[in-house]
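Me: I have this model open and would like a close look at a single part of it, the helix in the middle of things and what surrounds it. Could you walk me through that part, and then show me how the rest of the chain compares?

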Amino acid sequence: MTSSSALPAQAGRACHNVVNPFHSTHYFAPELPAEMARIGIEDRSAGYFACRSAAMGAVGPGTVTATFYNFNHDLVARHVPHVWSVTTPEAVLAARLRAADATLRRLLGDEAVESPEMAEAAKLALRATEGCTRHARPLYAAHADLPVPDAPHLAYWHAATLLREHRGDGHLLALLDAELDGLEALVSHTASGRGMSYRGVMATRGWEEEDWQAAQERLRTRGLLDAEGELTEAGVQLRKDLEARTDRLDRAPYEHLGAEGVARLTELATGFTTTAMNAGAFPAVLFGK
């Protein structure tokens, strides 16, 4: 175990920022809805709820809303548990892995997928996951119970999934501590210019304009948002504090990997993620202001 003093400040966050998109590519790819349709799930929201929650089993809408945090519960309840009357968590997990495989091969090409660098990235990311912890991290813990795929690019994707959900579970604790509900978290993140765009939120999270405006007003009452919907100085500080608290809760895997390993994983992940982004992996309209 490498001491925390050996790890540069924010090195874990920097690594996460380039590893996480490798996992996220399949959410925006045509391969995922195609695979979901093959097992009877035609609605894109239903497919997302199913594939991300399937590791927890055939859970109900309350569990999905609790662990996903920023979705309107009415949208979740529209699809869960109905989706489990159509297919099974096991079928969903298999379809998701097929979608990830096809997506990564399309975006990166077979040469990159089968490269020594991919195998190295998988080895490093999996080593980092050895430092993750299960307590109070339901999405991480559920995915950690899944087998590691044999193919290096899918092993790396699996490790990226674990690191993403580990940080995400910790981030929800930080949001609760900051007394931000799901929509307030989205509104403040969008106002920072770093989160999902207003259009992206409205297209995917199930909220209405009046919900958004009400959340803005609650943030204004707390002095976190100004009349134009921009973050105040206090709001900017809150978002900084949230990220710092999330970093602290998520430091274990990167401390375990050590400074040299984190630097190398960040280098490799940057290359793969840049290639994927240049291939159009993420729709720009859904992010930023």
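Reply: Happy to. A residue is called buried here when its relative accessible area is under 20%. Please keep in mind that this is a predicted model.

Let's start with helix α9, residues 116-129. By that cut-off, M118, A121, A122, L124, A125, A128 and T129 are buried in α9. The helix has 14 residues, and at 1.5 Å a residue these should span 20 Å. The end C-alpha atoms of α9 are 20 Å apart, so the model agrees with that expectation.

What covers those buried residues? The cover includes α1, α7 (89-108), α8 (110-113), α10 (138-144), α11 (152-177) and α16 (251-278).

A good residue to click on next is Y156. Leaving aside neighbours within four places in sequence, Y156 is in contact with M118, A121, A122 and A125, and those four are among the buried residues of α9. The contacts of Y156 also include V19, F22, L265, A269 and F272.

Y156 takes us to the largest nonpolar core, which has 37 residues. Within this core, V19, F22, L108, Y156, L265 and F272 touch the most other members. At least two residues of the core come from each of α1, α7, α9, α10, α11 and α16. In soluble globular proteins, nonpolar side chains tend to be buried together.

Now follow α11, one of the helices that cover α9. Helix α11 has 26 residues, of which 21 are buried, so "mostly covered" is a fair description by the under-20% cut-off. From its first C-alpha to its last, α11 reaches 38 Å, close to the 38 Å expected at 1.5 Å a residue. After α11 comes E179, with a positive phi near 60 degrees. E179 lies in the loop between α11 and α12 (182-191), and at 65% relative accessibility it counts as exposed.

There is also a second, separate core, this one of 24 residues, and M36, I41, F49 and F71 are among its members. F49 and F71 also belong to an aromatic cluster, together with Y27, Y48 and F68. In the whole structure, a search finds twelve aromatic pairs. One of them joins Y27 and Y48 edge-to-face, with 5.0 Å from centre to centre and 65 degrees between the planes. This pair links distant parts of the chain, 21 residues apart: Y27 is in the loop between α1 (11-24) and α2 (31-38), while Y48 is in helix α3 (residues 44-53). Both partners are on the covered side of the cut-off: Y27 counts as buried at 10% relative accessibility, and Y48 counts as buried at 15%. F68, from the same cluster, has a charged neighbour: the charged end of R52 sits over its ring, 4.6 Å from the centre.

Just after F68 in the numbering you will find Y69, in the loop between α4 (61-68) and α5. Its phi is near 75 degrees, a positive value in a residue other than glycine. Y69 is buried, with a relative accessible area of 15%, whereas E179, with its own positive phi, is exposed. A little further along, a cis peptide bond joins V80 and P81, with omega about 15 degrees. P81 is found in the loop between α5 (73-79) and α6 (83-86).

The cysteines are worth a glance too. A search of the whole structure finds zero disulfides. C15 is in no disulfide, and the nearest cysteine sulfur, that of C132, is 11 Å away. C51 has C132 as its closest cysteine partner as well, but the two sulfurs are 20 Å apart, too far for a bond. C15 is buried, with a relative accessible area of 0%, and C51 counts as buried at 0% too.

For a last stop, look at V236 in helix α15 (residues 233-249). At 35% relative accessibility, V236 counts as partly exposed. V236 and S188 are 48 residues apart in sequence, and their C-alpha atoms are 8.8 Å apart in space.

Key
Residues are numbered from 1 along each chain as its sequence is written. This is a predicted model: local features need pLDDT of at least 70, side-chain atom pairs count only at pLDDT 80 or more; totals for chains, interfaces and linings use all residues. Side-chain values use heavy atoms; hydrogens and water are left out. Rings of Phe, Tyr and Trp (its six-membered ring) pair if their centres lie within 6.5 Å; planes under 30 degrees apart count as stacked, over 60 as edge-to-face and the rest as tilted. Buried means under 20% relative accessible area, exposed over 50%, partly exposed in between (1.4 Å probe, protein chains only). A charge sits over a ring if NZ of Lys or CZ of Arg is within 6 Å of the ring centre and within 35 degrees of the ring normal. The expected span of a helix is 1.5 Å times one less than its number of residues. Contact means heavy atoms within 4.5 Å. A nonpolar core is a set of buried Ala, Val, Leu, Ile, Met, Phe, Trp, Tyr and Cys residues joined through side-chain atoms within 4.5 Å. A disulfide is a pair of cysteine sulfur atoms within 2.5 Å.
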